[in-house]
Amino acid sequence: MSRPLPTPSKISQPFWDSCKAQHMEIQCCDACGVYAFYPVYICPECASRKLSWKPVSGKGTIHTFTVAAKSSFAIEGPLVVALVELEEGAMMVSNIVTNAPERIGIGDPVRLCYEPVSEEITLPMFEPA
Ligand SMILES: [Zn+2]
């Protein structure tokens with residue numbers, strides 16, 4: 001089976017558009033400056049409804065991860081699923097692109113990369129920095 005792909009919604013469309021442009025943006029609260037991910041209508045920190053899309057640096061660290069030895073998705077290499085803490089403070093579940101998952105560790109620096117998977121969707125992923 002192929003990898004199931006996300007379906008952009010009204011709230012997440014700007015995020016997927018920015019990934020397609022390979023210039024990922026996430027929401028930042030105008031009131032308190034907290035970055036939020038996944039896309040939200042209300043700031044998780046201060047409940048403000050004023051959020052703006054802002055580009056991220058693409059730098060992050062591995063908060064935790066797991067390696068799927070076998071994947072039912074038709075993808076190459078081991079599937080590394082990680083919770084990545086962006087430099088901006090938001091957390092993202094994503095994949096680490098590597099052929100050497102045994103060399104990955106919690107706290108390792110990673111950088112954003114992109115994998116176009118359909119006309120609509122480019123997935124944000126991370127690679128060792
Ligand atoms: Zn806020």
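## The largest pocket

In this predicted model, strand β6 gives the most to the lining of the largest pocket, contributing four residues. The volume of this pocket is about 390 Å³, and of the 18 residues that line the pocket, Pro6, Trp16, Tyr38, Val93 and Leu123 are the closest to its centre. Besides β6, which spans residues 91-96, helix α1 (13-20) and strand β8 (122-128) each supply at least two residues of the lining.

By residue type, the lining of the largest pocket divides into 13 nonpolar residues, four polar ones and one that is charged. Rolling a probe the size of a water molecule over the atoms is what shows where empty space of this kind is left.

## An aromatic cluster and a cis peptide bond

Two of the residues named at the pocket centre, Trp16 and Tyr38, also belong to a cluster in which ring pairs link Phe15, Trp16, Phe37 and Tyr38. The structure holds three aromatic pairs. One of them is formed by Phe15 and Phe37, whose rings are tilted, with 4.8 Å from centre to centre and 55° between the planes. This pair links distant parts of the chain, since Phe15 sits in helix α1 whereas Phe37 sits in the loop between β2 and β3, 22 residues apart. Both Phe15 and Phe37 are buried.

The peptide bond that joins Phe37 and Tyr38 is cis, with omega at about 0°. Tyr38, like its partner in that bond, is placed in the loop between β2 and β3. For context, most residues other than glycine have a negative phi, and most peptide bonds are trans.

## The three-stranded sheet

Three strands form an open sheet in the order β2-β1-β3, and their pairing is antiparallel. Strands β2 (35-36) and β3 (51-55) stand at the edges and have a single partner strand each, so one side of each is left without a neighbour in the sheet. Strand β1, residues 25-29, pairs with β3 in the antiparallel sense over five bridges, and within this pairing Ile26 has Lys54 of β3 as its bridge partner.

## Strands β4, β5 and β6

Further along the chain, strand β4 (residues 59-68) and strand β5 (residues 79-86) run antiparallel and are joined by eight bridges. Thr61 stands opposite Glu85 in β5. Strand β5 is in turn joined to β6 by six bridges, again with the strands running antiparallel. In general, strands of a sheet pair through backbone hydrogen bonds, either parallel or antiparallel.

In the pairing of β5 with β6, the bridge partner of Leu83 is Val93 in β6, and Val93 is also among the residues closest to the centre of the largest pocket. The hairpin of β5 and β6 has four residues between the strands, and there Gly89 takes a positive phi near 105°.

Met91 is also in strand β6, where, with a relative accessible area of 30%, this residue is partly exposed. From C-alpha to C-alpha, Met91 is 26 Å from Ser2 in space, and the two are 89 residues apart in sequence.

## Loop residues with positive phi

Two residues other than glycine deserve a check of their backbone angles. Gln22, in the loop between α1 and β1, has a positive phi near 55° although it is not a glycine. Its relative accessibility is 42%, so Gln22 counts as partly exposed.

Ala47 lies in the loop between β2 and β3, the loop that also holds Tyr38. Phi of Ala47 is positive, at about 70°, and this residue too is not a glycine. Because its relative accessibility is 51%, and the cut-off for exposed is over 50%, Ala47 counts as exposed.

## A polar contact in the loop after β6

Thr98 is placed in the loop between β6 and β7, the latter spanning residues 109-116. A relative accessibility of 15% is under the 20% cut-off, and Thr98 therefore counts as buried. A polar atom of the Thr98 side chain lies 2.9 Å from the backbone nitrogen of Ala100.

Methods
Residues are numbered from 1 along each chain as its sequence is written. This is a predicted model: local features need pLDDT of at least 70, side-chain atom pairs count only at pLDDT 80 or more; totals for chains, interfaces and linings use all residues. Side-chain values use heavy atoms; hydrogens and water are left out. Two strands pair if DSSP finds at least two bridges between them. On a 1 Å grid over the protein atoms alone, a cavity is a set of points where a 1.4 Å probe fits but cannot get out, and a pocket is an open set with protein on both sides within 12 Å along at least five of seven lines; lining residues have an atom within 4 Å of a point. Grid points are joined across faces, edges and corners, and a volume is the space filled by probe spheres set on the points. Ala, Val, Leu, Ile, Met, Phe, Trp, Tyr, Cys and Pro count as nonpolar, Asp, Glu, Lys and Arg as charged, and the others, Gly among them, as polar. Rings of Phe, Tyr and Trp (its six-membered ring) pair if their centres lie within 6.5 Å; planes under 30 degrees apart count as stacked, over 60 as edge-to-face and the rest as tilted. Buried means under 20% relative accessible area, exposed over 50%, partly exposed in between (1.4 Å probe, protein chains only). A polar contact is a pair of N or O atoms within 3.5 Å; within protein, one must be able to donate a hydrogen and the other to accept it, and residues adjacent in sequence count only if both atoms are side-chain atoms.
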